[in-house]
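Here are a few exercises to work through with the model open beside you. Try each task before reading its solution.

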Amino acid sequence: MTGQRALVLGGGGVTGIAWEIGILHGLSQQGVDLTNADLVVGTSAGSVVATQLAGGVPLAGLYESQLEPPDGELPARLTPWMLVRYALSYAMPGTPAAKRARLGRAALKARTPSEESRLEVFDRRLSIKEWPERPLKVTAVDTATGKFVAFDRDSGVPLVKAVASSCAVPLVWPPVTIDGHRYMDGGMRSVANVDLAAGCSRVVVVAPLTRSANVVATPAAQAAKLGVPSIVVSPGQEELTAIGKNVLDPARRRPAAEAGLRQAASVADAVREVWG
């Protein structure tokens, strides 16, 4: 993939989706079009945005959709108990995959909405139902083994299921069944999985979250290891305030999107220099 450019979109809940779309739309208004990436990588929330972009959905329409009221959507939440369970899973001895599998076992036992109801949500949310021609990678983790996977159009996996699995936050949402395996959020391996852009010559990372208890390496550290021009765009303090403390609250979608749109002006020159 030498000579090609990658756009990597990280996880961050419903507000992460909104902020990412705001940033991307704002950058396009500044003359920096990241939608022409040769490779798009999406993790968790980023998989929703990545799929739409790779499928050619216009940014303007995506942005407008983030400004609409939640209309009865109820917020979910990572409770203190869930965060403790996450921390314990990764603090105990074992390989990274074993630690993820430990959390995966808890995810399988958790009381959550049904898998069918979650798949219906993603079927409604995604206007793109088939894998696009443009290279797209959607990340997930096998709950049984902790194995990290990156689904693409050659994986034989329905796109809606791939995205739903990437967004299956353990203990909050149900793991997704694909070919007899149950998959959970790709962010359980890394909040952005920037290393999947290896081989590309320029990399822009848009990451609502930069740290987590389970992180293999921060997006910035992963990008640095690629050894090519790269930049990680993340929310500043003003944007974090707009996003709020609960990234799973759809009521914060509009302020998050608007914050991303405003922030784009301050990062446009730096992103343009990397993107070329």
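**Exercise 1: Two loop residues**

D179 sits in the loop between strand 5 (176-178) and strand 6 (181-185). This is a predicted model, so keep that in mind throughout.

Task: What is the sign of phi at D179, and is D179 buried or exposed? Then do the same for N193.

Solution. Start with the background: most residues other than glycine have a negative phi. D179 is not a glycine, yet its phi is positive, about 50 degrees. Next, check the cover: the relative accessible area of D179 is 67%, and exposed means over 50%, so D179 is exposed.

Now move along to N193, in the loop between strand 6 and strand 7. N193 isn't a glycine either, and its phi is positive at about 55 degrees. For the cover, the cut-off for buried is under 20%; N193 has 0% relative accessibility, so it counts as buried.

**Exercise 2: Around strand 7**

Task: Which strands pair with strand 7, and in which sense? How many of its residues are buried?

Solution. Take strand 1 (residues 5-9) to begin with: 5 bridges join it to strand 7, and the two run parallel. Within that pairing, V8 is opposite V205 of strand 7.

Then turn to strand 8 (residues 230-233), which pairs with strand 7 over 4 bridges, again in the parallel sense. Here V203 has S230 of strand 8 as its bridge partner.

Finally, count the cover: strand 7 spans residues 202-206, and 4 of its 5 residues are buried, so the rest of the structure largely encloses it.

**Exercise 3: A long-range pair**

Task: Where does E64 lie, and what distance separates its C-alpha atom from that of R254?

Solution. Find helix 3 (residues 59-66), which holds E64. E64 has 48% relative accessibility, so it counts as partly exposed. Along the chain, E64 and R254 are 190 residues apart, but their C-alpha atoms are separated by 9.3 Å.

Now zoom out to the whole chain. Among contacts with a separation of 6 or more, 79% are between residues 24 or more positions apart.

**Exercise 4: The whole chain**

Task: What radius of gyration would a compact globule of 276 residues have, and what does the protein chain have?

Solution. The globule value is near 19 Å; the protein chain has 17 Å, which agrees. For the cover, 54% of the 276 residues count as buried. As for secondary structure, the chain has 10 helices and 8 strands.

Key:
Residues numbered from 1 in each chain as written. Predicted model: local features only at pLDDT ≥ 70, side-chain atom pairs only at ≥ 80, totals over all residues. Heavy atoms only, no water. Rg over C-alpha atoms; globule rule 2.2 N^0.38 Å. Buried < 20%, exposed > 50% of the residue type's maximum accessible area, 1.4 Å probe, protein only. Contact = heavy atoms within 4.5 Å. Pairing = 2+ DSSP bridges.
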